[in-house]
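Visitor: I am new to this structure. Please take me through some of the terms used for it and show me how each one is justified.

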Amino acid sequence: MEIFSSLLGGFGTLFSSPHLIAAIAGAVVAGMVVGALPGLTATMAMALFLPFTFLMEPATGLAVLMGVFAGGIAGGSVPAILLNVPGTPASAATLLDGYPMTRKGRAGEALSMAMFASAVGGLVSALLMSVLAPVIARFALNFQAPEFFVLAIYGLTIIAAVAGKSLLKGYIAGLIGLVVGIVGLDPIAGQLRLTFGSQALYGGISLIPVLIGVFGITQALVMVRESSGVTERPRISGRTFVSADDLRSSSGTLVRGSLIGSGIGAIPGTGTDIGAFLSYSEARRRPKGRIPFGEGNPQGVAASESANNAVVGGSMIPTFTLGIPGEAGTAVLLGGLLIHGLMPGPDLFTGSQSSLVYTIFASFIVANVMILLLGTLAARLFVHVVRVPNQVLVPVILMFCMVGSYAINNRIADVYVTVVFGILGYFMVTHEFPVSPLVLGLILGPMAETNFRRAMTITHGDWTIFFTRPASLVFWALIVLSLVYVWRSARQRRVQEPAESEDSPEAVRPT
Amino acid sequence: MAGDSGRGTPGRPAAAVRVGAADGHTGGPRTVPLGMAVLLLGAAVAIAVDVRGYRDGAGGEPGPAAIPILVALLCAVAAIALVFQTLRSTALPGQSAPSVLPVRVIATVAALTAAGLLLQQIGFFVTFTGLAFAAGLLAGARRWWTSLGGAVVITWVVMIFFGRLFAVPLPAAPIDVFLGG
């Protein structure tokens, strides 16, 4: 009951400030526009907007980030449906039935179904997040330094899960993040480390310029390298709204997709694409209706889009309650919390800042309602968005990156950090080193070290503290399970690779 | 993962856009992985040198050097593993070396670096108009004057938007002040 009254309080804050509602609407549209541009992702959109949210009130800034995140994932369905190109990896499953619908002249219905499903998935996950997050946070209030250390180690092991093709490359990216996290004053004793006499490095390397570099500048460089924009002129024909029959037949799929997505999102290291594909496979196992899957079945679109937006809400549960970002999007969101002085973790739900948390949850719910309204009404306009050429996008992205990294602290050193990490990220993504582990390493490394040393100080160097507390043992078990899963997946991949390598070239699939 | 990159084309999903379709070749498929191994070894050496000056823990607990030493060891091991993996990997017959640094990318990096260096000397408007103009051309703009016009407009809008609306103190030269920044 307390949770619902807190959530109502969050809605009260939102609806008593019209500028907050306007900011969420603008953020949803901006997120959808970026998501609709093939190849540009919700994560990149968030990284670009992140420094500017710092210039806003915390509630406004974080509401904007939520809107961009939800809108970006939903917008990714547009090029998947219109062009057979997933705007974001989250929408890779959407094109399987979305594009066939376009070819049959049902693009309007497909887009409408995608937006409806995104909104349903987002709303279900938002409600689950609002109910479960405070409960988990209350439980996590009992955690102390040893538990948080093991939890951070668990977070670091999931680097393997987000590593893409090569485990080694994923771990190397994570190690780079750990090294970067060491730079500056050490968190316990105040020892200067790896600064080499440079005063600019005393405070360490900030997370935000690194995020902007590896997601923004890197993307711009990849676009410059490819320099091939979209040339196809998609058309939206047929009805704009999904039929009542299709809605009725997809209702079960929508609910299942939303629940699958929420559950998958709550597990660190999974991500929107996994949630969408799992939901799609689940939908395929059931009676398919009059149109087979893969040939333009609206249920395929519903399954994928409900799940990928539900993952967003689910993934915020470990981020808000434990400070463990499961993937790149929530890592950027965590950066947003940090720049507003909010320390993710169970303490976030107690004290004066708890009302802000519920305002953030309420803004995510409102953002999903706006996806439904704005996405459905503006579907026809997206035809123009997907055709914006690289020569327009690249200068805009670069300028936002440079201005954004400067705006945080008005320091030119942050601009240099952004450029350096942008170049590093470019080399990484073009050689299948995923960049997300770098960000996770940079966030979780200092968290692991701080709690490790705190626990060691309390126990005067007694290592058994990490293996004698019940919650720590649960996390160690999760670590072992994750490693076994990763090892088995890698072995399966090695078996499959020879067959695949004969017909598929190396591909850019940076994560 | 949401942190994806790669702008695709119709019928060729972003996730399947092949690297190395651009012009100019500077380096082969092994250059960057080996370079990454060198970077890791360099980090390991730098940490090993730096930790010699750190204090010890006060009451028998690990001091500020403990985690950096562990990370340095992991870096060294990972670097060696990467070298082995890279040298063992063989390119498929007929596969050309992916282009690591097309001229356009080098020029974009140069433009970014120049912008970073010049920002405080010549102010926001001139620096970023130059950056946006160069980036537009490098990203494939066919007519230089449209790229220049676009760069001027975008820079001015960004300057007014962030300078006025968000009160970001952007580095200003006389022309910035003249244009309302």
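Guide: What follows takes a salt bridge, a surface patch, a pocket and some annotated spans in turn; the model is a predicted one.

Visitor: What makes Arg106(A) and Asp246(A) a salt bridge?

Guide: A side-chain nitrogen of Lys or Arg must lie within 4 Å of a carboxyl oxygen of Asp or Glu. In the pair Arg106(A) and Asp246(A), the closest N and O atoms are 2.9 Å apart, so the pair meets the definition. Over all chains, the structure holds eight salt bridges.

Visitor: Why is the pair said to tie parts together?

Guide: Because Arg106(A) sits in the loop between helix 6 (95–103) and helix 7 of chain A, while Asp246(A) belongs to helix 11 of chain A; the parts are 140 residues apart in sequence.

Visitor: Why is the group with Phe4(A) and Leu128(A) called a nonpolar patch?

Guide: Such a patch joins nonpolar side chains within 5 Å, from residues with over 30% relative accessible area. The members are Phe4(A), Leu128(A), Val131(A), Leu132(A), Ile136(A), Val255(A) and Leu259(A), with about 550 Å² of accessible area together. Val, Leu, Ile and Phe are among the residue types allowed, so the name fits. Helix 7 (107–140) of chain A gives the most, with four residues, and helix 11 (244–266) supplies at least two; Leu259(A) lies in helix 11.

Visitor: How do you know which residues line the second largest pocket?

Guide: A lining residue has an atom within 4 Å of a pocket point. For this pocket there are 43 lining residues, and Leu338(A), Met343(A), Ile443(A), Pro446(A) and Met447(A) lie nearest the centre. The lining divides into 26 nonpolar, 11 polar and six charged residues. Helix 19 of chain A gives the most to this lining, with eight residues. The space in the second largest pocket is about 1000 Å³.

Visitor: Where does the label "transmembrane region" come from?

Guide: From UniProt, whose unreviewed entry places the feature in chain B at residues including 34–53 and 145–167. In the model, residues 34–53 of chain B are 85% helix, with end C-alpha atoms 30 Å apart. Residues 145–167 of chain B are 91% helix, with end C-alpha atoms 31 Å apart. The label itself is an annotation, which may be inferred rather than shown by experiment.

Conventions. Residues numbered from 1 in each chain as written. Chains lettered and ligands numbered in written order. Predicted model: local features only at pLDDT ≥ 70, side-chain atom pairs only at ≥ 80, totals over all residues. Heavy atoms only, no water. 1 Å grid on protein atoms, 1.4 Å probe; cavity = no way out; pocket = protein on both sides within 12 Å on 5 of 7 lines; lining within 4 Å. Points joined across faces, edges and corners; volume = space filled by probe spheres on them. Nonpolar A, V, L, I, M, F, W, Y, C, P; charged D, E, K, R; others polar. Patch = residues over 30% accessible without salt bridge, like charges linked within 9 Å, V, L, I, M, F, W, Y side chains within 5 Å. Areas by Shrake-Rupley, 256 points an atom, 1.4 Å probe, with all protein chains shown as cover.
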